[in-house]
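Below are some notes on the model, set out as numbered points. They cover charged pairs, one chain interface and the nonpolar cores.

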Amino acid sequence: MSSQDLVTIKPENRPTDLLQEVENLKFQGYRFVQICCTRVPEGFELTYSFDKNYELKNLRFTLADGEGITSITSLYLPAFVCENEIHDLFGVPINHIAKGVDFGGKFFRLAEKTPWHDLPKGGAH
Amino acid sequence: MSELMNNLLFGIAYLILAPVVGGLLAGCDRIITARMQRRVGPPLLQPFYDVLKLTEKQEIAVNLIQDFYVGGFLLFVMISGIFFFTRGDILLVVFTLTLASVCLIVAAYSSNSPYSQIGAERELIQTMSYEPMLLMVAIGFYLATGTFSLSEIMHGHAAGIIFLPGVFLGLVYILGIKFRKSPFDLAMSHHAHQELIKGTVTEFSGKTLAMVEVAHWYENIFLLGFVYLFFVWSAGWSILLGLLACAVVFFFEILVDNCCSRIKWQALLKSTWLVSLVAGFINLLILMYMR
Amino acid sequence: MGKHTVVPFGPQHPVLPEPIHLDLELDDEKVVRAIPSIGYIHRGLEKLVEKREFKEYVFIAERICGICAFGHGWGYCKSVEGLMNIEIPLRAKYLRTIWHELSRIHSHLLWLGLMADGMGFESLFMHSWRLREKVLDIFEKTTGGRVIFSACKIGGVRRDIEDSELHGIAEILRGMRDEVREITDIFFKEPTSVSRLKDVGILSKEAAVATCAVGPMVRASGIPLDYRVADTSGVYRELNFTPVTTDTCDCYGRCWVRVQEIFASLDMICQAIEKIPAGDIAVPVKGNPNGEYFARLEQPRGEAFYYVKGNNTTHLTRFRVRTPTNMNLPAMVEALKGCDYADVPMIVLTIDPCISCTER
């Protein structure tokens with residue numbers, strides 16, 4: 001099955017570490033796959049996935065509520081789809097999204113803003 | 001005197017019967033198309049039901065002036081048909097038809113919708129494409145029979161097709177544009193499955209759209225009349241030959257519609273002018289040389 | 001200096017199969033820029049995973065999309081099985097591969113029909129879908145459903161296909177080859193269709209890499225990216241499989257790639273039917289998912305990515321799907337720049353948009 005390679009970025013080293021890692025991956029020829037955002041009690045857990053020769057490499061870090069992160073559209077432009085989605089659904093501030101692909105919250109048309117921002121209530125229903 | 005009465009009767013018959021026959025032709029068209037696509041198809045009278053349904057619908061118009069222009073379109077199509085069937089002047093018929101399509105184009109421009117604007121531009125390009133050919137039909141008959149008058153053409157000493165095969169082929173080519181069938185249905189297709197939604201007539205609704213449908217039937221009948229013109233002469237039985245030719249050409253248009261996709265306006269302009277030049281113009285040159 | 005207009009394209013548009021909204025900035029009839037926006041059918045299915053037990057959720061995962069339904073069901077099951085270290089029986093793997101390849105055939109035939117319709121060739125559209133009915137009839141005979149048929153479950157598949165029926169299916173598919181060839185030849189040989197497809201929606205190899213496109217979109221630009229090469233959850237290793245590529249980089253190339261994939265899938269299913277072993281079709285599932293897992297699958301539209309996270313309860317905490325259309329949207333926006341307005345439906349259709357997948 002695909003590699004479960006996960007590299008965690010420490011809190012004090014963002015955003016420079018994130019951009020550095022992503023730049024390394026781009027230089028090595030990795031393809032951007034996706035960005036996943038999960039609401040956890042500490043805030044938001046972001047996972048960036050890249051692929052080369054069918055092997056996945058994932059970057060992981062946790063943001064506190066309200067903390068922002070720099071966009072990687074400067075390196076991988078197609079990331080704007082995932083980043084706009086995370087911004088619209090979770091309300092995570094993403095800074096410096098490239099010109100022309102920053103939809104300012106209007107990419108995903110929703111009835112209520114940032115519906116997935118809050119912690120899920122309860123477990124089994 | 002009886003000639004005049006005859007022509008007048010034909011004119012009135014056209015006014016009353018053309019929408020009926022046109023609607024039935026449209027119904028046949030839909031059934032034949034459906035059978036070619038391995039479907040059953042709607043009932044034969046479906047176009048009539050559709051037009052009646054349209055007249056009952058609420059009309060939502062951005063700019064009410066479009067009703068005036070669409071009315072103009074219907075009026076000029078009827079007038080050119082009347083000129084044709086009362087055996088008037090063929091050149092006048094062609095020009096009145098042009099006036100009708102200009103009315104439709106202005107009607108489409110009058111609403112601000114981007115779809116009808118682009119549809120109107122495409123309609124203009126289409127008009128540019130087929131106008132030369134229609135004029136060549138008129139000029140061809142003049143060169144072959146020495147007159148523009150329809151009554152003399154229809155009682156000529158030989159069928160027009162013998163002298164004007166190239167012109168006839170050119171006419172059949174551009175009929176696809178007038179009938180709004182693939183590959184030439186850029187501006188206004190029978191189906192709304194195109195990027196312009198319904199193109200020129202996107203913003204028409206209710207009675208206005210019903211008027212466009214009925215005008216389309218009038219137009220179809222008298223365009224088939226053009227085809228008929230090539231196959232009649234003074235012999236009485238040539239009427240049957242003319243009707244047969246109309247049926248064959250109509251079926252051919254449906255066949256081509258089901259075998260082609262829609263082409264872009266650049267290809268339309270190029271191919272129509274090429275066909276007009278090669279088939280039509282060379283035919284005219286030969287006729288002029290023979291005189 | 002041409003006339004500058006902004007044409008709203010979608011979400012309700014007769015030529016579009018999916019509700020995506022594009023604001024097209026036109027200069028006369030040339031598109032200068034396309035600005036997409038989505039969200040018309042967002043159902044929040046990813047959030048629903050918190051409210052449904054992980055064994056039941058497969059039915060919701062399938063309903064992410066009607067066309068790629070089986071693929072999503074398999075992707076979800078695959079990721080949970082990877083998370084819980086469940087090894088499914090070989091017969092189940094074969095059955096899943098057979099159904100998935102049938103899904104691919106039906107999806108590509110559907111797409112061919114839509115492409116013909118977008119070109120204005122309605123009768124070809126009707127004929128393509130008539131062929132597709134044969135595949136849907138197979139689905140109905142084997143699973144009871146035509147579009148969403150809930151064949152996957154965690155641990156295997158829910159239904160078996162008798163061997164006699166499998167041979168019947170192989171016969172039907174062998175008979176389909178000639179009919180498919182007859183219909184698809186029209187796309188490649190009929191002059192008006194070729195003129196609408198050739199040199200339309202060009203996405204060069206560099207642009208394909210830069211926009212990180214997936215699926216036939218990128219395979220038509222010469223890049224052999226197909227996850228089935230590395231997929232071990234299906235039986236692609238035992239079947240002769242090579243990615244189909246071409247390097248025309250235009251709509252014609254993508255059409256060609258999808259048509260070749262139909263033939264390849266027909267072959268693979270017949271091979272699988274010959275090699276399928278007897279055995280169980282499912283294993284029991286004990287315990288709860290704990291931890292996280294990444295899985296991928298090659299759907300008809302491209303590579304789909306699945307991520308699950310569990311915390312040892314009956315409900316997963318996160319399920320994330322990144323669908324191929326999600327990844328192809330930037331490629332589409334790139335290909336739309338500088339095209340004719342008449343080509344817009346071709347280019348939108350060429351990525352095989354599945355917006356219900358994109359928005360979940």
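1. Asp185(C) and Lys189(C) sit four residues apart in helix α5 (residues 163-189) of chain C, so about one helical turn separates them. In this predicted model, the two form a salt bridge, with the closest N and O atoms 3.6 Å apart. Asp185(C) is partly exposed, at a relative accessible area of 28%, whereas Lys189(C) counts as exposed because its relative accessibility is 62%.

2. Arg228(C) and Glu101(C) make a salt bridge through their side chains, at 3.3 Å from N to O. Arg228(C) belongs to the loop between α8 (216-219) and α9 (251-275) of chain C and Glu101(C) to helix α3 of chain C, so this pair ties together parts that are 127 residues apart in sequence. Both Arg228(C) and Glu101(C) are buried.

3. Which residues are linked with Arg228(C) and Glu101(C) in a network of salt bridges? The other members are Arg104(C), Arg219(C), Asp226(C), Glu261(C) and Glu298(C). Over all chains, a search of the whole structure finds 42 salt bridges.

4. One pair to check in the context of two chains is Glu85(A) with Arg320(C), a salt bridge whose closest N and O atoms are 3.4 Å apart. Glu85(A) lies in helix α2 (residues 80-90) of chain A, and Arg320(C) lies in strand β8 of chain C, so the pair joins two chains. Glu85(A) and Arg320(C) are both buried. In general, side chains of opposite charge can pair when their charged atoms come close.

5. How much area is buried between chain C and chain A? The value is about 3700 Å², and carbon and sulfur atoms give 59% of it. In terms of contacts, 45 residues of chain C touch 44 residues of chain A. The size of an interface is often given as the accessible area lost when the parts come together.

6. The rule finds five salt bridges across the interface of chain C and chain A. Arg31(A) and Glu303(C) form a salt bridge, with 2.9 Å between the closest N and O atoms. Across the interface of these chains there are also 13 residue pairs in polar contact, both residues being at pLDDT 80 or more.

7. On the side of chain C that touches chain A, at least two residues each come from β3 (30-37), β6 (290-299), β7 (302-311), β8 (316-322) and α10 (324-336) of chain C. The largest share, five residues, is supplied by β6(C). By class, the residues on this side of chain C are 20 nonpolar, 10 polar and 15 charged.

8. The largest nonpolar core has 166 residues. Those with the most contacts inside this core are Phe32(A), Tyr48(A) and Phe50(A), together with Tyr76(C), Trp99(C), Phe187(C) and Phe319(C). Helix α3 (residues 90-119) of chain C gives the most to the core, with 15 residues. In soluble globular proteins, nonpolar side chains tend to be buried together.

9. What does Tyr76(C) contact, leaving aside its neighbours within four places in sequence? The partners are Phe54(C), Tyr57(C), Val58(C), Ala61(C), Ile154(C), Tyr306(C), Leu316(C) and Phe319(C). Apart from the largest core lies another, of 71 residues, which includes Ala107(B), Met154(B), Met188(B) and Leu224(B).

Notes:
Residues numbered from 1 in each chain as written. Chains lettered and ligands numbered in written order. Predicted model: local features only at pLDDT ≥ 70, side-chain atom pairs only at ≥ 80, totals over all residues. Heavy atoms only, no water. Contact = heavy atoms within 4.5 Å. Buried area = accessible area lost by both parts, 1.4 Å probe. Salt bridge = Lys/Arg side-chain N within 4 Å of Asp/Glu carboxyl O. Polar contact = N/O pair within 3.5 Å; in protein donor to acceptor, adjacent residues only side chain to side chain. Nonpolar A, V, L, I, M, F, W, Y, C, P; charged D, E, K, R; others polar. Core = buried A, V, L, I, M, F, W, Y, C linked by side-chain atoms within 4.5 Å. Buried < 20%, exposed > 50% of the residue type's maximum accessible area, 1.4 Å probe, protein only.
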